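Please find below my notes on this entry, set out as numbered points. They begin with a term that the later points rely on and then move from surface to interior and backbone.

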Amino acid sequence: MAGTVGLRRPRRSVPELPGGELVLEPPPEPERPVPGGVAQRLLPLVMIAGALLFVVLNPRESGSWLFGGMFVLSAAGMLVSGGGRGAGARTATMDEDRRDYLRYLDVLGARVRGIAAEQRCALETVHPEPGAWPDVLAAGRLWERRPGDDDFGRLRAGRGTQRLATRLTAPHTGPLETLEPLSALALRRFLRRHSTVPGLPVAVDVRAAATVWLEPLDDAGPATPALDLARALVAQFVLWHGPDDARLAVVAPGAAAARWDWAKWLPHVEHPRHHDAVGPVRMITDDPDRVRRWWVDEPSSAQQHLLVVLDGAADTPGAWAGLPGVTVLRLGPAGRRRPAASVLRLAAGTGPDGTRTLRRGGPDGTTVGRPDGVTVAEARALARRLARYRPAGAPGAAAGPGTDGPVAGLPSLPGPDVAAAAVAALRRRRGPAERLRVPIGTDDAGRPVLLDVKESAQGGAGPHGLCIGATGSGKSELLRTLVLGLVAAHPADELNLVLVDFKGGATFLGLAGLPHVSAVITNLAEELALVDRMADALAGEITRRQELLRAAGNLASQAEHTAAREAAARRGEPVPEPLPSLLVVVDEFSELLAQRPEMIDLMVTVGRLGRSLGIHLLLASQRLEEGRLRGLESHLSYRIALRTFSAAESRAVLGVPDAHLLPPTPGAAYLSAGTDELVRFRAAYVSAPGPDLPARRHGPAARPGRASRAAVPRRTGVAARRPGPSAPGATGGPVPDRAGAGRGRRVGARAARTGCGCRPSTSRRRCPRCSASRRSGPTAACRRPAPPDGWSHRSGWSTGPTCNDATPWWWTCPGRRGTSPSSAVRGRASRRRCARWSSRSP
């Protein structure tokens with residue numbers, strides 16, 4: 001439909017209600033006096049008799065009278081007090097216990113009030129005021145509920161008192177007369193005050209009842225709060241549920257039709273299939289049987305919930321309205337009809353004190369609280385705001401806002417518009433802190449989860465990492481997300497990729513044409529030889545980067561080299577050759593090490609030296625075998641664990657068994673970045689079908705900062721699968737030869753693809769034979785041998801460890817993309833390493 005906008009469903013972030021149980025401690029019991037025994041009672045008498053005997057035996061000694069009197073007084077005191085603990089001490093102890101218990105209730109009360117505040121915030125977020133729909137639209141929450149959500153079909157009806165989300169359990173005590181009275185009274189008041197929370201949103205579930213009957217409390221007719229409540233329920237129904245999941249029908253004959261005229265703007269009243277002269281049929285009528293004819297035979301009725309508003313109709317909709325997926329919202333007095341279990345009766349009106357009241361069970365039912373209400377003006381404004389929206393993908397709906405789709409920061413690859421606009425804008429916005437930082441998914445709250453593969457000194461979690469995931473856990477999709485995210489945010493002169501897939505090449509299928517990719521190596525039979533050449537290429541790349549840093553002024557790391565390039569560009573001086581970061585992604589490294597055990601030594605070398613040289617390593621596999629990563633495990637700083645086969649594998653990767661407990665949903669994973677806590681996330685999905693990309697422009701000019709595609713032979717490696725002319729006479733325009741010789745020296749770009757083992761060096765800026773510069777090209781003395789007819793010179797030189805003082809030449813054919821070195825390569829070592837090329841020279 002013209003003028004409509006397709007709306008994608010937003011990602012939900014539902015706050016969790018507090019739960020659990022709080023068991024209160026019992027109040028203190030007063031200490032009961034314990035009567036003493038016979039010996040305790042006779043002891044004072046014995047002491048008095050002894051004192052008298054002491055005085056009688058020594059009547060003339062003044063000391064006898066003194067000590068005898070003291071004994072008599074002590075014995076009399078013991079006799080009076082009973083010989084036990086005094087009542088004053090017991091009272092003091094009881095007062096102290098009472099103060100401690102009241103203090104305990106105060107502390108617990110503050111905790112319960114915090115729980116009540118969290119409960120109120122969660123319910124207010126899920127069920128806001130019906131009149132707050134402009135804030136809901138501004139927050140992007142339109143149609144956020146789906147049939148699988150717990151709150152699908154739950155509509156707020158008002159405010160009332162609800163139980164505390166965390167259950168308060170009274171303690172087990174003895175008889176009340178045995179408790180300290182003040183503490184017991186304080187406990188009863190605490191439970192009565194905090195067990196419920198007033199003023200919380202109260203909702204009704206339209207899926208749990210076949211009919212919701214709204215009745216007035218008095219005989220004021222339809223212009224009562226019941227009609228306002230009905231509009232509030234319908235407004236929430238169309239605000240939270242999309243037309244692809246929920247539909248609305250209105251049956252309002254006579255004067256009632258004017259009260260529901262605003263509903264014609266809602267997309268929910270449009271019939272899915274039936275059309276009239278002005279578009280889809282609006283399911284607004286005065287005949288209940290017409291709704292039956294519209295809906296009973298509708299194929300989509302099984303996937304959608306229908307809410308039928310019945311206002312002023314004398315006839316009932318019929319037995320069909322009791323089917324699952326249909327709820328009738330009926331207005332008016334129920335009369336003498338007997339209540340049914342499938343009917344929810346609500347009464348709304350004005351109480352004796354002039355306040356609005358909501359009751360459940362009819363006018364004589366239990367008071368729930370205060371009902372909600374939406375005026376006709378508010379309902380009409382909402383309907384007109386929603387009139388232009390349709391679910392994404394609906395016929396005639398233009399692309400519109402929404403957040404269902406790629407993760408923020410990842411363009412919707414593939415697509416020519418994205419490649420031309422979004423990728424360029426993304427690279428312009430990227431700052432130094434965002435280098436090598438890519439979103440790989442979203443957490444439970446819907447926020448993007450970022451993986452930063454830079455070293456920890458630069459604020460990242462790298463430089464090397466490990467990814468483990470069982471079959472079907474989404475590991476391959478996660479690797480594609482990571483690769484495409486990095487490619488989208490970085491140009492080819494800042495990031496190069498070597499992709500190794502020992503699962504047949506399915507993981508990185510279609511990525512070989514990216515300008516960042518130096519090689520895609522698989523375990524297919526025709527490409528197994530590339531594995532050995534990859535080892536030589538990576539070793540040569542380490543040496544080349546070390547020499548490049550030394551030639552630039554004995555720089556210590558790639559970061560210093562980048563800073564030196566930026567400083568030279570600001571001063572207007574010649575800028576050194578770029579040193580892009582190199583990310584080596586190995587999928588199913590366990591299979592690689594099983595077939596090439598010697599590769600572990602190279603990986604350990606990359607682990608030790610990669611941080612300063614800008615080489616990053618990411619190893620992925622379905623299982624993590626014990627001892628397989630000997631010497632390398634300490635260099636893997638960040639870990640990604642999708643669902644694992646066993647708890648032991650999860651502990652080996654993360655240190656905890658949580659990854660084994662992940663649901664079987666593809667993409668569910670944990671990220672462990674350094675010493676931070678585990679981050680659970682859902683990996684992004686970037687392999688959805690999309691429009692084909694336009695044909696990529698071939699030739700050296702299409703790959704700035706990379707080795708020319710013209711230097712890739714058509715018969716070897718991954719290039720054998722790329723389209724293009726294969727013979728000097730084939731159709732196609734000439735290949736531009738604008739890439740200088742310095743661009744064609746990266747071993748990772750040439751040796752890994754072509755099989756040439758020569759390791760070029762960039763330390764020489766002039767030809768060792770004729771001193772020609774790279775830009776000027778070779779002199780006449782070096783133009784030997786002459787190229788074949790139709791071929792042109794491309795010169796380059798090397799003084800690497802295996803090509804001592806050799807001057808290799810490349811010939812470029814205008815009619816083909818592949819070239820090969822000349823057989824005039826001098827030097828015994830060069831002839832030995834380039835024998836493969838000599839047999840293929842034109």
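1. A residue is called buried when its relative accessible area is under 20%, exposed when that value is over 50%, and partly exposed in between. With those limits in hand, Phe71 has a relative accessible area of 43% and is therefore partly exposed. Phe71 has its place in helix α2, and readers should keep in mind here, as in every point below, that the model is predicted.

2. Phe71 is also one member of a nonpolar patch on the surface, which it forms together with Phe54, Leu66, Phe67 and Met70. The accessible area of these residues together comes to about 520 Å². Helix α2, which runs over residues 62-81, supplies the largest share of this nonpolar patch, namely four residues.

3. A positive patch is likewise present on the surface, and its members are Arg113, Arg188, Arg189, Arg192 and Arg193. The largest share of the positive patch, four residues, is contributed by helix α5, which spans residues 181-194, while Arg113 belongs to helix α3, spanning residues 87-126.

4. Which state, buried or exposed, applies to Arg98? This arginine is located in helix α3, and because its relative accessible area is 17%, Arg98 is classed as buried. Once neighbours within four places in sequence are left aside, the contacts of Arg98 are with Pro28, Glu180, Leu182 and Ser183.

5. For the protein as a whole, the model has 19 helices and 29 strands, and of its 842 residues 48% are buried. Among contacts with a separation of 6 or more, 69% are between residues 24 or more positions apart. The protein exposes about 39,900 Å², and carbon and sulfur atoms supply 55% of that area.

6. Val679 is placed in strand β26, which covers residues 679-683, and because its relative accessibility is 31%, Val679 counts as partly exposed. Not counting residues up to four places away in sequence, Val679 touches Val449, Ala669, Tyr670 and Leu671. For one of these partners, Ala669, the separation from Val679 is 10 residues in sequence and 8.3 Å in space, taken from C-alpha to C-alpha.

7. Turning to the backbone, where is a cis peptide bond found? The bond from Gly462 to Pro463 is cis, and its omega is near 15°. Pro463 lies in the loop that connects β18 (448-452) with β19 (464-468), and a colleague who inspects the geometry may wish to look at that loop directly.

8. Trp143 has a phi near 60°, which is a positive value in a residue other than glycine. The residue sits in the loop between α4 (133-138) and β3 (154-163). Because its relative accessibility is 1%, and the limit for a buried residue is under 20%, Trp143 counts as buried although it is in a loop.

9. Glu588 likewise has a positive phi, near 60°, in a residue other than glycine. Its place is the loop between β22 (581-587) and α14 (589-595). At 6% relative accessibility, Glu588 is under the 20% limit and so counts as buried.

Notes: Residues numbered from 1 in each chain as written. Predicted model: local features only at pLDDT ≥ 70, side-chain atom pairs only at ≥ 80, totals over all residues. Heavy atoms only, no water. Patch = residues over 30% accessible without salt bridge, like charges linked within 9 Å, V, L, I, M, F, W, Y side chains within 5 Å. Areas by Shrake-Rupley, 256 points an atom, 1.4 Å probe, with all protein chains shown as cover. Salt bridge = Lys/Arg side-chain N within 4 Å of Asp/Glu carboxyl O. Lys, Arg positive; Asp, Glu negative; His and termini not counted. Charge placed at Lys NZ, Arg CZ, Asp CG, Glu CD. Helix = DSSP H or I, 4+ residues; strand = E, 2+ residues; numbered from the N terminus. Buried < 20%, exposed > 50% of the residue type's maximum accessible area, 1.4 Å probe, protein only. Contact = heavy atoms within 4.5 Å.
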